[in-house]
Amino acid sequence: MIDITSPDFWPELFWTLLAGTWETIYMVGIAMIITLIVGLPMGIVVVGTEKGRFLEAPFGQRWIGAALHHSITFIVNLGRSVPFIVLMIALIPVTRALLGSFVGTGPAILPLTVVAIPFFVRIVEIAIREVDPGLFEAAESLGASRWLTVRRVIMPQATPSIILGSATTLTSIINFSAMVGVVGGGGLGQVAVTYGQQRYSWVHIVFVILILFVLVQAIQGVLTALAKHYGLPVPRRRWFGRRRDAQDALLASEANIPHETPTDPSLEGDRK
Amino acid sequence: MIDIEHVSRVFGTGQNAVTALQDVSLHVPAGSIFGVVGQSGAGKSTLLRMVNALDRPDAGRIRVNGQTISNADPRDGGEAGIVGAALARARHDIGMVFQHFNLVGNRTVVQNVEFALEATGTPRARRRPKALEMLDLVGLAHRADDRPSQLSGGQRQRVGIARALASEPSILLSDEATSALDPETTRQILDLIKRLSRDLGLTVMLITHEMEVVKRICDSTALMEHGRVIESGTLEELIGTRESRVSQQLFPVGDHPPTPGNSVVDITYSGLDSNNAVIARTARELDLDLSILGAAMETVNGRQMGRTRLAIPGGDAQAQRVVDAVSRPGITAWIVQEVAR
Ligand SMILES: Nc1ncnc2c1ncn2[C@@H]1O[C@H](COP(=O)(O)OP(=O)(O)O)[C@@H](O)[C@H]1O
Ligand SMILES: [Mg+2]
């Protein structure tokens, strides 16, 4: 049992939590960076290689597009359907072969990355699907290259959603990182297990919960602000009906729909 | 100059097949404003998208300024049309504006225009000045750093026009560019397109479901229905064509119950101040009691044009004499209905 009244308790608690927090931030951070680098292009490619989209036939070859599309879809579906605990165990030999060991913060990054990438690819995929097809058409009509279209049209439009999705991804990596701690991966999860479970210190548990809560709040807050900065529509507070028109106009304008009096819309149903 | 030759396009296969275009041929002369009108679903957008190869035909050939864009006629040397860098270059010479503007909402107005210049490979240093010059041309240089969402619909369309013309194309395509705008803004945008087309020597192909648009700026027009062009020509030609539906829609004179003993004659005129003097003189010379059943007059493309429907007593021979008497360059007349008995 741990003695809360002992003079060493609080300093020891402080250093334990500090080390655990740092380990969590470290492995989650590295896993997120790798996820971004790998997941972003995968997400763009998996949507782009769909039939009728901008990467349908890379190098002029349809089969390359189809092959890319199907392999990424397969990987994503596989990754998403395996429970994390199973994935972690399954990856032990791989981790050992790559890093020589499977315990510790470093090796924990691998399963965290593997679980986060499929999740993030889906997020990128959804964000890109939300981009108005008219914009692709406009870019095409201007004779813009694919790469330029990705940089100047797709990314600016999809960035706010991708940033918001990154917050969700980060939160779930933090979640999984606690599970890694249970099998010796370090971080706050391991603190909770070694002190809270094995030595019955509710103080440790309470602090771990608090730190994780603050961490998730901070991530969500910072990334939401960033998403707004990159163009996420900011909904106006609406207390009374009077505000409604202003808000409709705002939302309409955000969606690039003109809100001036349209000429009889029934005359022209266009195909979107 | 745009040449569309025997173009067909079918979407889907088997039971779900939709024939969007059926053997469509059109010639859009260099420097003219050509309007394609028709109901929703007639195939107008599909036709327009063929011109810059956003879509390819299943049969037929499309040429722009003599260059083959698409060719689906295998007998024709097997040349299927341009792709890759050649297609991109051809598209730099063809600007396009859209019903919903299609501006990138998370980039500023000037960045939207710069994108067109980036697409042509214009060096960075020259993009900003050129983009601002284009915005100035459409009267929006002062809104350069705003987001499209801060602009009205008409202003957004002007940005769309600036973007389409930034690469100095010789062709401008417009897909219902004014259909989402109110009537006043529509007129402003049409006048802008007309002014720019004259100043920059553009060939304009626009599609619309509104006769108003044709009336305001088009030199020539084609009417589409169910994937076919059912009539086409200059407005003057169509106005003087008895069967022309464009003419009937431009100048509705109404259906009048025949009065016993009278024949009905239509007189159409284009490019004259008025035909009233002609009608009055004819009535006097032939000593007839003409009555006007209906008349429609419009300023079409800056000129007075119209149609008058007359009831003429005294039998078919008399009606024919009226037709002969009024006919001259700029005036066409025909007997709509012989004597009702
Ligand atoms: N990509 C497509 N896939 C299937 N059908 C299409 C497609 N594009 C157009 N069509 C069909 O072709 C016909 C003509 O459409 P469209 O050219 O958009 O007409 P308009 O512009 O005159 O309203 C319509 O019946 C439409 O449903
Ligand atoms: Mg259309």
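Start in chain B and select residues 2-11 and 59-64: these are strand 1 and strand 4, which pair in the antiparallel sense over five bridges. The model you are looking at is predicted.

**Stop 1: one pair in close-up**

Show B:Ser8 and look across to strand 4 of chain B, where B:Ala59 stands opposite. Strands of a sheet pair through backbone hydrogen bonds, either parallel or antiparallel.

**Stop 2: the sheet around that pair**

Now add strand 2 (18-28) and strand 5 (67-71) of chain B. You have an open sheet of four strands in the order 2-1-4-5, with antiparallel pairing. Which strands stand at the edges? They are strand 2 and strand 5 of chain B; each has a single partner strand, so one side of each is left without a neighbour in the sheet. Direction ignored, neighbouring strands in this sheet are turned by 20° against each other on average.

**Stop 3: the helix across it**

Select residues 44-51 of chain B, which form helix 1. This helix lies across strands 1, 2, 4 and 5 of chain B. Relative to strand 1 of chain B, helix 1 of chain B runs at about 125°.

**Stop 4: another sheet in chain B**

Move along chain B and select residues 262-270 (strand 11) and 303-313 (strand 13), an antiparallel pair joined over nine bridges. Within this pair, B:Ile267 has B:Thr308 in strand 13 of chain B as its bridge partner.

Next, add residues 291-300 for strand 12 and 331-337 for strand 14 of chain B. The result is an open sheet of four strands with the order 12-13-11-14 and antiparallel pairing. Strands 12 and 14 of chain B are at the edges with a single partner strand each, so each has one side without a neighbour in the sheet. The average turn between neighbouring strands of this sheet is 15°, direction ignored.

To finish here, select helix 11 (residues 315-326) of chain B, which lies across strands 11, 13 and 14 of chain B and runs at about 165° to strand 14 of chain B.

**Stop 5: two helices in chain A**

Switch to chain A and select helix 2 (residues 62-81) and helix 5 (residues 105-129). At what angle do their axes cross? The crossing is at roughly 125°, and the axes come within 8 Å. That angle makes helix 2 of chain A oblique to helix 5 of chain A. The crossing of these two helices of chain A is left-handed.

Show side chains where they meet: A:Ile72, A:Val76, A:Asn77, A:Gly79 and A:Arg80 in helix 2 of chain A, against A:Pro118, A:Phe119, A:Val121 and A:Arg122 in helix 5 of chain A. By class, this contact has five nonpolar, two polar and two charged residues.

Definitions and conventions: Residues are numbered from 1 along each chain as its sequence is written. Chains are lettered from A and ligands numbered from 1 in the order in which they are written. This is a predicted model: local features need pLDDT of at least 70, side-chain atom pairs count only at pLDDT 80 or more; totals for chains, interfaces and linings use all residues. Side-chain values use heavy atoms; hydrogens and water are left out. Axes are lines fitted to C-alpha atoms, for helices over the stretch in contact, and angles run from 0 to 180 degrees between N-to-C directions. Angles under 35 degrees count as roughly parallel, over 145 as roughly antiparallel, 65 to 115 as roughly perpendicular and the rest as oblique. A crossing is left-handed if the near helix is turned anticlockwise from the far one by less than a right angle, and right-handed if clockwise. Contact means heavy atoms within 4.5 Å. Ala, Val, Leu, Ile, Met, Phe, Trp, Tyr, Cys and Pro count as nonpolar, Asp, Glu, Lys and Arg as charged, and the others, Gly among them, as polar. Two strands pair if DSSP finds at least two bridges between them.
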